[in-house]
Structures are given as C-alpha cells and as structure tokens.
Protein chains: 2
Amino acid sequence: MSPRQPDKSPSQVDVARLAGVSTQTVSRVLSGQGSVRPETARRVMAVVDQLGYRVHAAAASLASGRTRLLGVLVVSTDRYSSSALGVGIEHAAAANGYTVTTAAVPDHASGEAFFEAFDRLERQGAEGVVIGVPVELNSPAMRMRMDRTPSIRSERASLAEDAPLAVDQHAIARLAVEHLLDLGHETVWYVSGDDYWLESQHRREAWEQTLLERGITPPPVIPGDWTPESGYRAGRTIAAIPGVTAVFVSSDEMAFGLLRALHEAGRTVPDDISVVSVDDIALAAYASPALTTVRQPFEALGRAATLRLIAEIEGRDAVGDLPETEPTLIVRSSTARPQAATSS
Amino acid sequence: MSPRQPDKSPSQVDVARLAGVSTQTVSRVLSGQGSVRPETARRVMAVVDQLGYRVHAAAASLASGRTRLLGVLVVSTDRYSSSALGVGIEHAAAANGYTVTTAAVPDHASGEAFFEAFDRLERQGAEGVVIGVPVELNSPAMRMRMDRTPSIRSERASLAEDAPLAVDQHAIARLAVEHLLDLGHETVWYVSGDDYWLESQHRREAWEQTLLERGITPPPVIPGDWTPESGYRAGRTIAAIPGVTAVFVSSDEMAFGLLRALHEAGRTVPDDISVVSVDDIALAAYASPALTTVRQPFEALGRAATLRLIAEIEGRDAVGDLPETEPTLIVRSSTARPQAATSS
DNA sequence: TTGTAAGCGTTATCAG
DNA sequence: CTGATAACGCTTACAA
C-alpha cells in the first residue's frame with residue numbers, strides 16, 4: 001500500500017564522511033575491534049545515531065565470512081517439543097550474539113524433504129544447525145552435510161550411544177516403569193508414541209528391558225502417535241483388557257485422551273489404573289486427575305545443544321557451562337498403589 | 001571436535017570455469033532469469049551438481065539488494081498462539097520462496113525490548129516483519145520502523161479499526177456470550193486474559209457490550225493471565241460466588257484450571273456452570289468435560305498476514321487469495337441450559 | 001590511532 | 001544468447 005521509500009539507507013561511507021573519518025574507523029568503532037580515540041568514537045556514534053545507520057548484514061558477512069546465524073530443523077513448529085526446544089535455542093543463541101532461523105519439515109517427512117530443509121538453512125548461511133527431527137545420521141547424504149556445517153542433534157541416535165546432549169530416553173522409561181513397579185503393580189503396559197521418532201523406540205526398548213530385569217514378560221505394546229486421539233483409542237483398548245492396573249504413556253497429550261477413554265469406560269484413575277506419562281506440559285497438572293509424568297527438560301536441552309554448537313563453530317570447548325538435562329519424575333495424582341484384589 | 005574443512009566451498013567462478021562459460025551465464029541458469037541455450041544450461045547444471053555448488057546468500061543479496069527474508073516477532077515461542085501463527089507463516093513464506101527468522105521477546109517485554117528485537121530483524125535483512133506481540137503502533141519509534149520495513153500485525157489494534165487481517169476479537173466474545181445467553185443463562189461472567197494483550201481487552205469490551213445490548217449489567221471481571229494457574233484461581237473465586245451459571249474464559253488453558261477448581265468445589269460442569277473458552281487447542285476436546293470453545297484460526301491468520309506482507313514487499317496487491325480468518329464456535333460438552341432454579 | 005587498498009561472491013548493466 | 005565490467009557495503013590486511 002505505502003510506497004517503498006526510494007532513499008536508500010545510509011552506508012558506512014555516509015557515516016564516515018559526516019564524521020570526517022575513514023570507513024575503517026567507523027567499522028572499528030562499531031565492531032569494538034581495534035582501538036579508536038574515545039573522542040573520535042563519540043563523534044562517529046553521534047553520526048550513527050543521527051543517520052540511523054545500521055550495518056548491512058549481508059555485506060558484513062560477505063566480507064568477514066561469518067554470518068552468526070544458526071539454523072534449527074524441527075517438525076511442524078507447533079509440537080510441544082519443537083517449541084520448548086526453540087525457546088532454549090533462542091536464548092542461548094541471543095546470549096552469544098547469534099540469530100536463529102528455523103526450517104520446519106512436515107511430520108513424517110521423507111529424507112528428501114529433510115535434506116532440502118537442511119540445504120535451505122545452509123544456503124541462508126547458517127554456520128551450524130540444531131537438528132530436532134529424527135534422521136539417520138549415518139547416511140552418506142547426511143554425513144556430507146554434517147561435514148561441511150557443524151550440526152548437533154537434540155536426541156540420542158541410539159540407545160547405546162552416549163550423546164551427552166540428548167535427554168536420556170532410557171532414563172525416562174525407567175523412571176516411569178520403576179515408579180509404577182515400586183508402587184506394587186505387577187506389570188506395566190506401554191502406549192507408544194509414533195515410532196517414526198527414535199525417542200519412542202528408545203522408550204519402548206527401555207520399558208521392555210526394565211520389565212525384563214524384574215523378571216516380568218512385557219505385555220504387547222499399544223500403538224500411539226503422540227496425539228490425544230491416539231491416546232483415546234489406546235485407552236479404549238486398555239479398558240477392554242482385564243487386569244490392567246498400570247500404564248506408561250509416551251506423552252502427556254496422549255495421556256489426556258487415555259484418561260478420557262478410561263473415564264468413559266468406568267475405570268477410575270488412579271484407583272483402578274495408574275497412569276504415568278512424559279513431558280510435563282503446562283496442562284499436565286490440570287488433567288483429571290493431575291498427571292504423574294516424567295519431565296523432559298527441553299529448554300535446557302535446547303540451550304545445551306546451542307552452546308555446544310557455538311563452541312564447535314568457534315573452535316573452542318564447551319565443557320562446564322552445559323545445563324543439566326536429566327529427566328525428572330513428577331508425582332501427582334494419576335498413580336497409586338494397586339487396589340487390593342479383594343474388590344474383584 | 002572435527003576440524004573445519006579448509007577448502008572453501010566452490011563459487012560461481014569455479015562453476016563458470018569448469019563449464020566453460022562466464023559467471024553471468026551461471027547466474028542466469030541458476031536464477032532462471034534471462035534466456036540460455038538449453039544445452040548450455042544443462043552443461044552448467046552438471047558442473048553445479050558435480051561441485052555441489054550453491055549460491056552464497058550474502059553475496060547474492062548484497063548484489064541484488066534482496067534477501068527474501070521475513071522476520072517474525074512473537075512472545076516466548078512456546079505460547080500456543082505464537083507457534084500456531086508460526087506454522088502458517090512458515091508455510092506461506094516457503095511457498096513464495098521466502099525464509100523466516102524469528103525474534104522472541106519475553107512476555108510483558110518493555111517497548112524498548114520490542115524495538116530491539118525489531119531492529120535485530122532489520123539488521124538481519126528482513127524485508128518485512130509479521131508482528132505477533134502487542135505493541136503501540138502509533139508511537140513515533142514504531143512509525144519510523146514500519147516506515148522503512150513493511151510490517152503487518154496479526155491482531156487488530158483497536159476495536160474500531162477494521163484490520164482485515166486480525167482475528168475478530170469482538171466476534172469471538174460475541175459468539176461465546178451469545179451462545180451462553182441463547183442457552184438461557186441470565187448473565188455471563190468473564191475471566192480475562194492478560195490485559196497486557198490487546199486481544200484480552202477487546203474481548204472484555206465485546207463481552208460487556210454484548211451483555212449491555214441485551215439489557216444485562218456486566219458482573220465484575222475476574223482477572224486472569226492466560227495460564228492454567230490463573231484459571232484455577234479464577235475458578236475458586238467463581239465457586240465462591242453464589243448464582244453463577246455461565247462463564248466465558250479467555251483461553252482454553254485457563255479453562256483447564258477453571259474446570260479443576262470448579263470440580264474441587266463440588267460444582268459440576270455444565271450442570272451447575274457452563275464454560276466456554278477460546279482457542280480450540282488440541283487438548284480442548286479432551287478436557288473433562290470437553291470444552292465448548294471459540295476456535296481462532298491462527299494458522300490461516302499467519303498465512304494471510306504473510307501473503308499480504310509479501311504482496312506489499314513486492315509491490316503488488318494480494319486480494320482474493322487471502323484465507324478466511326473468522327473465528328468459529330465449537331460446541332462440545334462444557335455448556336448446557338441452566339438447571340431449573342428449583343434445585344436451589 | 002587512523003587511513004588506504006584489495007577483495008568477499010553475486011547480480012545488473014551494457015555490449016556484442 | 002552470451003560475456004565483460006562495474007557495483008553492492010563491509011572487513012581484513014597493511015601502511016602511515
């Protein structure tokens with residue numbers, strides 16, 4: 001609607017001229033590199049303010065070879081994990097003078113789509129990228145990309161690998177299952193997330209393993225896909241199975257659906273069935289009943305990943321300053337000791 | 001850990017040399033601008049693939065004066081509205097060859113912090129910005145910024161102004177209140193969002209106005225701040241007030257807290273009290289009872305805002321292709337006719 | 001402490 | 001249809 005203003009924005013040259021110095025001096029003042037007589041600096045800054053001058057990022061990065069741009073690769077940004085991660089990433093980036101650009105790939109995107117998104121980030125000049133989607137890190141195509149631009153993944157690639165960065169999915173499942181077992185439940189059923197996600201697979205493995213360690217044969221997995229709808233379906237399935245007293249659901253959102261299905265089927269939580277989920281979203285405390293859940297420190301994780309990434313980009317080490325990323329069990333009202341069998 | 005590869009990435013010159021053409025031809029092939037003999041183009045592309053060449057964004061935008069970068073200004077990205085908006089923005093941007101960079105300002109940020117974020121986006125080269133936070137658009141500082149970089153706001157600045165873009169907050173409140181009134185409730189109480197947000201203020205105004213139009217004196221506003229905790233507090237307050245039969249809560253998240261408080265106080269929804277909220281988040285259908293709510297089409301809004309912004313940047317008009325952004329009432333189980341007064 | 005000169009990798013302009 | 005050549009606005013040497 002409004003016409004684009006024709007007068008181009010002021011450049012370093014304009015500032016230099018008005019301040020009666022060379023462009024180099026202007027650059028020095030603005031970057032803080034090199035020494036400038038205080039008085040000169042003041043004079044330059046005055047002109048900068050007067051003109052409303054700001055460095056042209058493209059020109060600066062063309063000349064310096066640095067963009068201070070970080071890329072983030074996530075699935076549809078409205079997922080809880082994506083946005084929670086994003087908060088941590090943005091903070092850490094901003095604190096270090098980096099900016100962030102996001103590329104979202106659709107859920108269940110093909111490897112193709114993923115590479116495309118990665119390339120888009122590289123093309124924009126991202127000096128590093130935080131990967132928040134499930135990808136096969138060992139494919140040649142991925143290796144090639146990670147080779148030229150440092151990348152860090154916010155989840156562990158395999159149960160065995162010890163990525164100091166990822167939330168320990170094994171620990172999450174163990175925390176949940178052991179809580180239930182320690183309460184006196186004889187076994188724990190598992191409602192999975194979408195197995196497209198490694199997290200989901202890892203939790204299943206750890207759930208199985210924890211049960212096995214106690215000499216319990218794992219019951220069949222009830223499949224879910226993270227959505228409340230799938231939790232609801234899982235709840236109906238579970239309600240139809242006699243004898244179930246404890247369920248580990250792979251996300252809070254699914255737990256909401258599960259709770260409703262159980263309620264509709266006349267099962268009360270936690271009296272008939274105990275439920276523990278994962279994430280600790282803001283609403284978890286306001287489910288009925290309030291959810292016992294394993295909190296994932298996504299924000300800390302995003303921060304940690306970013307800090308490490310920046311360290312790698314700048315060629316230093318980033319030990320010591322890394323935030324804690326251990327999952328923690330939050331006990332609320334959806335879990336209890338199993339009812340005495342007398343009632344049945 | 002891994003050393004940065006010393007061999008710099010290939011440039012247009014490298015491609016040109018290998019393909020036996022000028023850099024200009026390479027540029028033409030890659031941009032699709034200007035005509036090139038098909039055979040030449042093929043030869044260039046072959047070299048491009050072979051070398052893994054990709055244009056250097058900074059250089060390109062320095063030369064062309066275009067960045068194809070859009071900025072987004074939101075509060076803490078983990079808010080539902082922010083991320084839902086973001087999804088729409090990203091889609092529309094990607095579909096038009098633009099990339100997106102986000103600047104998050106803390107909730108309740110000062111005008112200062114906001115301008116800083118805006119400037120950061122400008123410095124990065126954003127050609128336009130979508131504003132998703134409450135700001136005074138008429139301050140000189142803001143005027144100045146919007147003057148040099150096209151900006152579009154995803155909410156209506158005042159109840160009177162008819163921004164074709166914003167979700168109609170007035171309509172939201174009217175939909176909610178009239179639904180309740182039509183059900184037979186004598187008045188409707190209102191739990192506000194955070195009044196730092198214009199949306200919240202506008203909904204209050206419209207709630208008041210709708211009541212007044214029917215000759216009803218609005219009861220006092222129960223203050224909230226969007227969080228489930230504040231909804232819970234509001235619920236306790238309401239439970240202590242005799243005679244309340246209908247409540248309009250300004251967000252689904254608050255509704256969850258409200259529901260819990262009401263439940264704890266022994267009031268049943270919707271039999272004793274009807275509740276309608278706003279947003280229609282994924283979990284709204286899984287509250288107990290399922291929430292009747294006014295859906296805000298955030299994604300469509302983000303898309304529409306972006307489309308208009310791009311149109312403005314490119315100096316064309318964007319009529320016709322704008323998505324619908326009307327709010328819609330979703331009736332579920334948290335509302336019903338008031339119980340006959342006989343029971344009291 | 002300050003200035004000069006030479007690029008950085010593209011695209012635009014103008015010839016051919 | 002293709003190719004020189006000149007910007008684009010800044011930073012990094014190197015000189016003064």
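**Entry 1: cis prolines**

I started in chain B, where Pro270(B) sits in the loop between α11 (252-264) and β7 (274-279). The peptide bond that joins Val269(B) and Pro270(B) is cis, with omega about 5 degrees. I note here that I am working with a predicted model.

I then looked up the corresponding residue number in chain A. Pro270(A) is in the loop between α11 (252-264) and β7 of that chain. Val269(A) and Pro270(A) are also linked by a cis peptide bond, and omega is about 5 degrees. I kept both entries because most peptide bonds are trans.

**Entry 2: chain A overall**

I counted elements next. Chain A holds 12 helices and nine strands.

How does the radius of gyration of chain A stand against that of a compact globule of 344 residues? The globule would come out near 20 Å, whereas chain A has 26 Å. Along the principal axes, the C-alpha atoms of chain A fill a box of roughly 95 × 45 × 40 Å.

I checked burial too. Of the 344 residues in chain A, 51% are buried. The exposed area of chain A is about 15,100 Å², and carbon and sulfur atoms supply 52% of it.

For contacts in chain A, I took residues at least 6 apart in sequence; 71% of these contacts join residues at least 24 apart.

Charges came last. I found 32 positive and 43 negative side chains in chain A. The centres of the two sets are 9 Å apart.

**Entry 3: from β5 to β9 in chain A**

I followed the strand pairings in order. Strand β5 (residues 189-191) of chain A runs parallel to β6(A), with three bridges between them. Tyr190(A) has Phe248(A) as its bridge partner in β6(A).

From β6(A) I moved to β7(A). These two strands also pair in the parallel sense, over three bridges. Ala246(A) stands opposite Ser274(A) there.

Next I went from β7 (residues 274-279) to β8 (residues 292-295) of chain A. This pair is parallel, with four bridges. Val276(A) is matched with Thr292(A) in β8(A).

In which sense do β8(A) and β9 (residues 328-330) of chain A run? They run antiparallel, joined by three bridges. Val294(A) is opposite Leu329(A) in β9(A).

I went back to β6 (residues 246-249) of chain A for its side chains. Ala246(A) and Phe248(A) point one way. Val247(A) and Val249(A) point the other way. I looked for this split because side chains in a regular strand alternate between the two faces of the sheet. Are these four residues buried or exposed? All are buried.

**Entry 4: positive phi in chain A**

I searched for positive phi outside glycine, because most residues other than glycine have a negative phi.

His108(A) came up with phi near 60 degrees. His108(A) is in the loop between β2 (99-105) and α6 (111-124) of chain A. His108(A) counts as partly exposed because its relative accessibility is 47%.

Asp279(A) came up as well, with a positive phi of about 125 degrees. Asp279(A) lies in strand β7 of chain A. Is Asp279(A) buried or exposed? Its relative accessibility is 10%, so Asp279(A) counts as buried.

**Entry 5: Val75(B)**

Back in chain B, I looked up Val75(B), which belongs to strand β1 (residues 69-75). Val75(B) has 1% relative accessibility and therefore counts as buried.

How far is the C-alpha atom of Val75(B) from that of Pro106(B)? The separation is 5.4 Å, although the two residues are 31 apart along the chain.

I then listed what Val75(B) touches, leaving aside neighbours within four places in sequence. The contacts are Ser82(B), Val105(B), Pro106(B), Asp107(B), Val133(B) and Trp197(B).

**Entry 6: Glu314(B)**

My last lookup was Glu314(B), in the loop between α12 (298-313) and β9 (328-330) of chain B. At 31% relative accessibility, Glu314(B) counts as partly exposed.

I checked Glu314(B) against Val294(B). They are 20 residues apart along the chain, and their C-alpha atoms are separated by 35 Å.

Which residues does Glu314(B) touch, not counting those up to four places away in sequence? Glu314(B) is in contact with Arg68(B) and Tyr98(B).

Methods: Residues are numbered from 1 along each chain as its sequence is written. Chains are lettered from A and ligands numbered from 1 in the order in which they are written. This is a predicted model: local features need pLDDT of at least 70, side-chain atom pairs count only at pLDDT 80 or more; totals for chains, interfaces and linings use all residues. Side-chain values use heavy atoms; hydrogens and water are left out. The radius of gyration is taken over C-alpha atoms; the globule rule is 2.2 Å times the number of residues to the power 0.38. Buried means under 20% relative accessible area, exposed over 50%, partly exposed in between (1.4 Å probe, protein chains only). Contact means heavy atoms within 4.5 Å. Accessible areas come from the Shrake-Rupley method with a 1.4 Å probe; for residues, only the protein chains shown count as cover. Lys and Arg count as positive and Asp and Glu as negative; His and the chain ends are not counted. The place of a charge is taken as NZ of Lys, CZ of Arg, CG of Asp or CD of Glu. Two strands pair if DSSP finds at least two bridges between them.
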